[in-house]
Amino acid sequence: MAGKKREIQLQAVINNQSLWDEMLQNKGLTVIDVYQAWCGPCKAMQTLFRKLKNELNEDEILHFVVAEADSVVTLQSFRDKCEPIFLFSVNGKIIAKINGANAPLVSKKIINLINEERKIAAGELVRPQYHEIAFVDTEDVGEASHKNNDKLYNIVIIKPEAVLTGKSIEIKEKIIGAGYAIEAEDKRMLTEEQVRDFYSGIAYQPDFEDFVSLMTSGLSYVLITSERDEQEPSWEGTVPNPETESKELSEDQHEMATPTVKKRQDSLQEYMERQHLSEFCDIEENKVNVDKFIDIFFPDFKSMKNIKLERIMALLRPDLFHKRKEDVLNIIQDEGFKILMQRQIVLSKEEAQTLCKEHKNEDYFEKLIENMTSGPSLALVLLRDNALQHWKALIGPSTVEEAKEYLPESLCVQFAMESLPINQLYGSVSLEAAEKEIEYFFPPQNVLGLIKPHVTHEQREEIFHLIKENGFEITQMKELLLNKEQADAIYFKIKQKHFYKDILEMLSEAPSLVMVLTKWNAISDWRRLMGPTDPDEAKLLSPDSIRARFGQSILKNAVHGSSNLYEATETINRMFVPENPEEN
């Protein structure tokens, strides 16, 4: 019957406020998995809950529910939160919260609270006076919801000069320091049409045409910013450490922390003027115009703004990589991860010790290090919404023994090897650690790329999309009508060839785009993306390549790129020499 609480496996479904209020009448402990409608409940924890339900055998005082934050008024504070959240209700009072799918911590919490209930029922313990976690008052929800739906955004454009000199870093830091959040950002070369549209208010000025040329001459940053909510407190979840969690009962009570929020007395535009940065960036604050430019610059923003895409590093240890690599890769893709980069690597002793430091005090540590350095591991960079927590829940705890007890359906148990008692899969412990690990194991490389004059503006946009889709960052870019000296710097290897005069003639027809593209393995990946030199050959051998799609002839084959590291370094140094050497 619609609207009636029903049992699905072991968890009841709470999808409206009346069912939530009814759930609070439960006697004993209720464990609540709070989820977002777009991502669903945390499936990884269901095995643990079923196990505890059977082992504790306390149907009268132990209940499990899933609650949809989007549909329950009381849970408004948890909306748009990507990671799993577990609430613990004792006799209708929410007394604790745990962030993340931390199976050992959640299990310990449930067992401790059920043991308390047993002792209270037996007269061995007086019921503790828990501090209840506070939620948004229901009478304030209408106003709060209206505020959330009417969230105000700004569009910020950081000019090419600021990007080229590195000033953009300071500008973004100032924006965040002023109490604003950067909701989205894109590094791009603005088209003439976009510049004229965004700056239509100053089109009457006599030097406007020069300004348009300047704004389309290099890369700009386009940002969506918003004011961080000054009213919403920052939730402090349980520290995911069973040892810390078990020290004192008071640490289980999770009192709300009151954040210190900087009050803003002026707009972002006024703030940037006071910081003497307004000459390097321009801000649109009018809501109608902001909505229009969000649709132009970030067409997917409105549908994607609640999705938290994260990059993490994962690693298959040597035994697993050797025996069951394909099985693991298939599961990774089935779970919604995109594999951005992968490489085989034989770890040094020092690298292995760093990745395995949590096992340092175990008897098997030396054997583990020997195993980790015995052959190639597979390092992966994975992308997904809420990737960090999802990967942790998917692979399970760090040891097979712990995984069998708490998450028997995890990959740790599924791919356990007799050689070692540890998880054969590794994952970054935090997003900060992930970025450091990715930079270490996948060091960025630069390659020079050239988009030739015959490519139209529409085709340029498609090429930019292909570049970003293939994991490149455009770190520098400028539009130039190349003279002979500049062409010689790019084509220095072939400038003595008889056909070089034809290249010079082709480059003199119109401006070219000169880019520095950055990613791991950039040189070989850029050559693969460009495709064979002859567009006709490219259409046969690499039909999705840039030259196959946009090339006209061997001479007008759309793009050019460095052949090797030496050539890339030489051409980049020649084409992107800073005006002030101290700014390099």
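Is phenylalanine 337 buried or exposed? In this predicted model, phenylalanine 337 has a relative accessibility of 4% and therefore counts as buried, the cut-off being under 20%. Its surroundings make a good starting point for a tour of the side-chain contacts.

The model holds 14 aromatic pairs. In one of them, phenylalanine 337 meets tryptophan 391 edge-to-face, with 5.6 Å from centre to centre and 90 degrees between the planes. Phenylalanine 337 sits in the loop between α13 (318-334) and β12 (338-345), while tryptophan 391 belongs to helix α16 (residues 387-395), so the contact ties together parts that are 54 residues apart in sequence. Tryptophan 391 is buried as well, at a relative accessible area of 1%.

Phenylalanine 492 and tyrosine 566 offer another example: their ring centres are 6.4 Å apart and their planes stand at 80 degrees, so this pair too is edge-to-face. Here the loop between α21 (484-490) and α22 (500-507), which carries phenylalanine 492, is tied to helix α26 (residues 565-575), home of tyrosine 566, across 74 residues of sequence. The two partners fall into separate accessibility classes: phenylalanine 492 is buried at 18%, whereas tyrosine 566 is exposed at 55%.

Aromatic residues also gather in a cluster, made up of Phe198, Tyr199, Phe208, Phe211, Phe293 and Phe297. Charged groups take part in ring contacts too. Lysine 478 lies over the face of phenylalanine 576, 4.8 Å from the ring centre, and lysine 519 is placed over the face of phenylalanine 472 at 5.0 Å.

Turning to charge pairs, the count of salt bridges is 25. Within helix α11 (residues 287-297), aspartate 291 and lysine 287 are four residues apart, about one turn of the helix, and their closest N and O atoms are 3.2 Å apart. Both ends are partly exposed, aspartate 291 at 26% and lysine 287 at 45%. Helix α13 provides a bridge between arginine 324 and aspartate 327, with a closest N and O distance of 3.2 Å; these residues are three positions apart, or about one helical turn. Arginine 324 is partly exposed at 32%, as is aspartate 327 at 36%.

A longer-range link joins glutamate 509 to lysine 556, whose closest N and O atoms are 3.6 Å apart. This bridge connects distant parts of the chain, 47 residues apart: the loop between α22 and β17 (512-519) holds glutamate 509, and the loop between α25 (546-550) and β18 (559-561) holds lysine 556. Glutamate 509 is partly exposed at 49%, and lysine 556 is partly exposed at 23%. Finally, shared partners bring Asp186, Arg188 and Lys468 together in one salt-bridge network.

Notes. Residues numbered from 1 in each chain as written. Predicted model: local features only at pLDDT ≥ 70, side-chain atom pairs only at ≥ 80, totals over all residues. Heavy atoms only, no water. Phe/Tyr/Trp six-rings, centres within 6.5 Å; stacked < 30°, edge-to-face > 60°. Helix = DSSP H or I, 4+ residues; strand = E, 2+ residues; numbered from the N terminus. Buried < 20%, exposed > 50% of the residue type's maximum accessible area, 1.4 Å probe, protein only. Lys NZ or Arg CZ within 6 Å of the ring centre and 35° of its normal. Salt bridge = Lys/Arg side-chain N within 4 Å of Asp/Glu carboxyl O.
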